[in-house]
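Good morning, and thank you for making time for this item. I should like to take you through one structure; please look at the display before we begin.

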Amino acid sequence: MGSLDLHHSARLPGQLAPLSAKMIRRRGMKIHFYGRLAESVGREIEVDVPESCSVSELRALLATEYPRAANALGHRVRALVGDIVVADSHIVRSGDSVEFFPPVSGG
Amino acid sequence: MSVRARLEAGPFDPSAELARLVEAASNDGAVVSFVGLARPQSKDGANVDRLVLEHHPRLTLKSLEDIAVEAAERFDVSQVRVVHRCGEIGAGEPIVFAAAASAHRRAAFEAADYLMDRLKTEAVFWKREEGPAGASWIEPTEADYADRGRWE
């Protein structure tokens with residue numbers, strides 16, 4: 001299990017001031033990965049994310065911290081919150097359990 | 001109408017599944033079943049010892065149930081069955097049993113075809129082939145997505 005501490009390092013793409021009100025840190029967001037993503041990132045990590053962080057911003061943060069997973073986090077990888085698929089514009093909140101699904105396949 | 005979907009962590013017997021379905025379908029006129037097996041070779045010809053199917057603790061079974069229910073709603077069938085393995089599956093072992101029964105054959109054929117096209121692209125599993133050359137993740141192909149698209 002890895003961990004990610006973004007207290008001093010994180011600056012979302014396009015944001016100039018690292019300590020705006022929006023950037024208040026909140027702990028406790030668990031992120032679960034499956035399939036090839038679990039192999040390159042780990043099955044579960046806990047991250048600090050800015051307040052009002054969207055799924056697409058979360059993808060960018062994770063891609064910065066885990067360059068090996070950068071491509072894997074984009075193409076056809078779905079994000080789920082509370083077992084529901086959410087859009088990239090969805091705002092994740094402290095305490096949310098976020099899951100990233102690489103393409104699924106049965107049969 | 002009887003719709004059943006099951007996730008199996010260990011080997012299962014497709015012939016026993018079929019026998020039970022035939023018995024349950026005694027008032028129907030047709031039973032169509034499909035059995036998927038773990039291939040001993042990958043697409044590029046490398047030997048495969050086992051297939052590993054990772055699953056989700058809540059959403060995998062739900063995906064099987066949803067697909068089975070939607071097949072039952074879409075086609076004029078009286079019975080739908082899906083049995084799907086998870087975990088480590090040796091080459092040659094059954095992965096999936098998908099079947100339907102109906103009064104006339106066409107609906108059962110179509111329901112089984114539909115079940116498999118949906119399962120290939122929407123059942124919540126992550127597949128990895130393991131063999132002497134290493135491991136590789138298997139994802140749906142464009143052909144799989146195109147097959148799924150036939151039903152939209």
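In which strand of chain B does Glu54(B) lie? Glu54(B) belongs to strand 3, residues 50-55. Please bear in mind throughout that this is a predicted model.

Let us stay with Glu54(B) for a moment. Is Glu54(B) buried or exposed? Its relative accessibility is 12%, and the cut-off for burial is under 20%, so Glu54(B) counts as buried. Two polar approaches to chain A deserve mention. The side chain of Glu54(B) comes to 3.1 Å from the backbone nitrogen of Gly35(A), and a polar contact of 3.0 Å links it to the side chain of Arg43(A). Setting aside neighbours within four places in sequence, Glu54(B) touches Tyr34(A), Gly35(A) and Arg43(A) in chain A. Within chain B, its contacts on that same basis are Val124(B), Phe125(B), Trp126(B), Arg128(B) and Trp137(B).

I turn now to the interface as a whole. Chain B contributes 25 residues to the contact and chain A contributes 16 residues. The area buried between the two chains is about 1,800 Å², with carbon and sulfur atoms giving 51% of it. On the chain B side, the residues that lose the most area to chain A are Trp126(B), Trp137(B) and Glu139(B), which together account for 32% of what that side buries.

How many salt bridges does the rule find across this interface? There are five between chain B and chain A. One salt bridge pairs Arg76(A) with Glu142(B), their closest N and O atoms being 3.1 Å apart. As for polar contacts, 16 residue pairs are found across the interface, both residues being at pLDDT 80 or more.

Which elements of chain B supply this surface? At least two residues each come from strand 6 (94-102), helix 3 (105-122), strand 7 (125-131), strand 8 (134-138) and helix 4 (142-149). Helix 3 gives the most, with five residues. By character, the residues on the chain B side that touch chain A divide into 14 nonpolar, three polar and eight charged.

Finally, a word on helix 2 of chain B, residues 59-74. Its 16 residues, at 1.5 Å a residue, should span 22 Å, and the end C-alpha atoms are 22 Å apart, so the two values agree. The buried residues of helix 2 include Leu59(B), Leu64(B), Ile67(B) and Ala68(B). Thr60(B) and Ser63(B) are also among them.

Thank you; I shall gladly take questions.

Definitions and conventions: Residues numbered from 1 in each chain as written. Chains lettered and ligands numbered in written order. Predicted model: local features only at pLDDT ≥ 70, side-chain atom pairs only at ≥ 80, totals over all residues. Heavy atoms only, no water. Helix = DSSP H or I, 4+ residues; strand = E, 2+ residues; numbered from the N terminus. Buried < 20%, exposed > 50% of the residue type's maximum accessible area, 1.4 Å probe, protein only. Polar contact = N/O pair within 3.5 Å; in protein donor to acceptor, adjacent residues only side chain to side chain. Contact = heavy atoms within 4.5 Å. Expected span 1.5 Å × (residues − 1). Buried area = accessible area lost by both parts, 1.4 Å probe. Salt bridge = Lys/Arg side-chain N within 4 Å of Asp/Glu carboxyl O. Nonpolar A, V, L, I, M, F, W, Y, C, P; charged D, E, K, R; others polar.
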